[in-house]
Amino acid sequence: MTFQLPTREEKPDYVRSMFDRIAERYDLVNDAMTFGHHRRWKMDILRHVRPQKGDRCLDLATGTGDIARGLLRKVGPEGHVTALDFSPGMLEAARKRGPHEIDWVQGDMLQLPFPDASFDVVTVGFGLRNVADVPRALDEVARVLKPGGRFASLDLARVRLGLMKPFVNLYSFRIVPLIGKVLSGESEAYTYLPTSNEVFLSQDELAGQLRMRGFEPVKVQDLMGGTTAIVSGTRA
């Protein structure tokens, strides 16, 4: 039976509930699904945004906080890191790991609770495809970034080589749900994740959305054969 994605109206509650359920096993399943590569990719995103000592940084859809912790190591005690997530369960898992120097905030990417031009750096890891309105989320990112501020998104992407597509589909739609079910007891959540990517922007389309908002230069880095990508840009 074909998996039915939630409607735009249903998506916020669906996503919040889903991540609440998988929060405790989130990193374990990610390690298994990506063979541990997700940890390296999250550090790769730091090279795109180039956090400096004293910068104010915002990590959106922080999950268990890996990128936020990486940002904190770069900005040092002179800087500040805020980590925001929609899911109370994910945020609690992140808080348990600390550190207390990070400001852990529950919030919505479509209505960021921060003033204009608040941050030097904004990051998001595997989060944009889970929002109900991606253009509005990008508008919010542009709003809270200072002029010259850097943004980067790490997410699933579109494979460019057609020959790889059948193998990627087999892994994504058959193996990933099985891994999720065995390790977390949740096959539905790990069916939603690859299915949601089918309707999400490609890495090149996301780059175009950033250019429309005045980000320049914009860069795309394909990872793992284009199954994942980092899209980054600098706000004018």
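Start by selecting the charged side chains, where Lys and Arg count as positive and Asp and Glu as negative, while His and the chain ends are left uncounted: the mean positions of the 32 positive and 30 negative charges of the protein chain are 4 Å apart, each charge being placed at NZ of Lys, CZ of Arg, CG of Asp or CD of Glu. This is a predicted model, in which local features need pLDDT of at least 70 and side-chain atom pairs count only at pLDDT 80 or more, whereas totals for chains, interfaces and linings use all residues. Residues are numbered from 1 along each chain as its sequence is written, and side-chain values use heavy atoms, with hydrogens and water left out.

Next, show the whole chain as a cartoon, and you will find nine helices and seven strands, which are DSSP runs of at least four residues for helices (H or I) and at least two for strands (E), numbered from the N terminus. The C-alpha trace spans about 50 × 40 × 35 Å along its principal axes.

Now select helix H5, residues 88–97, whose buried residues (under 20% relative accessible area, with a 1.4 Å probe and protein chains only) are Met-90, Leu-91, Ala-93 and Ala-94. Seen down the axis of H5, these buried residues fall within an arc of 160 degrees, taken from the directions from the helix axis to the C-beta atoms, so they line one face of the helix.

Add the partners that the buried residues of H5 pack against, with contact meaning heavy atoms within 4.5 Å: helices H1 (11–22), H2 (26–34) and H4 (66–75), together with strands E2 (80–85) and E3 (103–106). Finally, move to Gly-98, which follows H5 and has a positive phi, near 70 degrees.

Notes: Buried means under 20% relative accessible area, exposed over 50%, partly exposed in between (1.4 Å probe, protein chains only).
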